[in-house]
Amino acid sequence: MSDWLEHSVQVQVEIPIDYVWNLWSDLEQMPKWMKWIDAVKIQTDNPEISVWTLKSGIWKFDWKSRMLRVIPRQIIEWESIDGLPNRGAIRFYDRHGSSTIKLTVAYAIPGILGKVMDNLFLGNMVKSTIQADMNRFREYALQIQSQIKSKDIKS
C-alpha cells in the first residue's frame, strides 16, 4: 500500500499567457528548466502518451504518462500509467499581460516509509526543487520572450 504525497508551488511570470502556454505545452522542452527531468518524449503513435526520465544523483526513474485533461491556456493534467507512480497538474492564470503558473505534483511512496521520509527530508527537497524549477521557467520564459522581441525589432 502506498501513500500519496503532494506538493504545490507557483510563480508569477511577467509575460502574457500565450507565451507561457506555448512553452509549457511543448513537453519535450521541460528539461530546459526542470532540474530532475532528463528527457520527455512524446509518443508519435499516441501524442497523449509521453515517456519521462527523471535523474538526480544516483536515482534514475522512467515512466509513461497520459494526458488526462488539456484546456488551452488553463490546465494540463496528467497521471503516470507505467513506472514511477505520479500525477499532477499545471494551471495557468491570465493576469492581463502577466501570468501565474501553479504546479501540483503528487507521487506515491510505500506506506510508512513514505511518511517518515516525507517528514524527515523528502517533502522539503521535492518542494524546494519544483519551486526552483518554476523560478528557472520564469527566467527561461523571459529570455525567450526577449529574444522574440529582439528579432521583431530587427525585422
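## What lines the pocket

Sort the lining of the largest pocket by class and you get 28 nonpolar, four polar and three charged residues. Keep in mind that this is a predicted model. The pocket itself has a volume of about 700 Å³, and 35 residues line it. Nearest its centre sit Trp 36, Leu 54, Trp 63, Leu 84 and Val 105.

Which elements give two or more residues to that lining? They are strand 3 (49–56), strand 4 (59–71), strand 5 (75–83), strand 6 (86–94), strand 7 (99–110) and helix 2 (111–154). Strand 7 chips in the largest share, with seven residues.

## The chain as a whole

Stepping back, the protein chain has two helices and seven strands. Reading along the sequence, the order goes β-α-β-β-β-β-β-β-α.

Of the 155 residues in the chain, 39% are buried. As for contacts between residues at least 6 apart in sequence, 48% of them join residues at least 24 apart.

## Strand 3 and its two partners

Strand 3 pairs on two fronts. With strand 2 (residues 37–42) it runs antiparallel over five bridges, and a hairpin of six residues joins strand 2 to strand 3. Two of the matched positions are easy to pick out: Lys 41 has Val 51 as its bridge partner in strand 3, while Ile 37 stands opposite Leu 54.

The pairing of strand 3 with strand 4 is antiparallel too, this time over eight bridges. Here the hairpin has two residues between the strands, and Gly 57 in the turn shows a positive phi of about 60°. Who faces Leu 54 in strand 4? The bridge partner is Phe 61. So Leu 54 is a handy residue to click on: Ile 37 is opposite it, Phe 61 is its bridge partner in strand 4, and Leu 54 is also one of the residues nearest the centre of the largest pocket.

## Ser 65, tucked into strand 4

Ser 65 lies in strand 4. Is Ser 65 buried or exposed? Its relative accessible area is 2%, so it counts as buried, the cut-off being under 20%. The side chain of Ser 65 makes a polar contact with the side chain of Trp 63, at 3.1 Å. Trp 63 has turned up already, among the residues nearest the pocket centre.

Leaving out residues up to four places away in sequence, Ser 65 touches Glu 48, Ile 49, Ser 50, Trp 52, Trp 78, Glu 79, Ser 80, Ile 81 and Asn 86.

## Ile 75, over in strand 5

Moving on to strand 5, have a look at Ile 75. Ile 75 has 6% relative accessibility, so it is buried as well, given the cut-off of under 20%. What does Ile 75 touch, once residues up to four places away in sequence are set aside? The list runs to Trp 21, Arg 69, Val 70, Ala 89, Ile 90, Arg 91 and Phe 92.

Tyr 93 is another residue to check against Ile 75: the two are 18 residues apart along the chain, and their C-alpha atoms are separated by 9.1 Å.

Methods: Residues numbered from 1 in each chain as written. Predicted model: local features only at pLDDT ≥ 70, side-chain atom pairs only at ≥ 80, totals over all residues. Heavy atoms only, no water. 1 Å grid on protein atoms, 1.4 Å probe; cavity = no way out; pocket = protein on both sides within 12 Å on 5 of 7 lines; lining within 4 Å. Points joined across faces, edges and corners; volume = space filled by probe spheres on them. Helix = DSSP H or I, 4+ residues; strand = E, 2+ residues; numbered from the N terminus. Nonpolar A, V, L, I, M, F, W, Y, C, P; charged D, E, K, R; others polar. Buried < 20%, exposed > 50% of the residue type's maximum accessible area, 1.4 Å probe, protein only. Polar contact = N/O pair within 3.5 Å; in protein donor to acceptor, adjacent residues only side chain to side chain. Contact = heavy atoms within 4.5 Å. Pairing = 2+ DSSP bridges.
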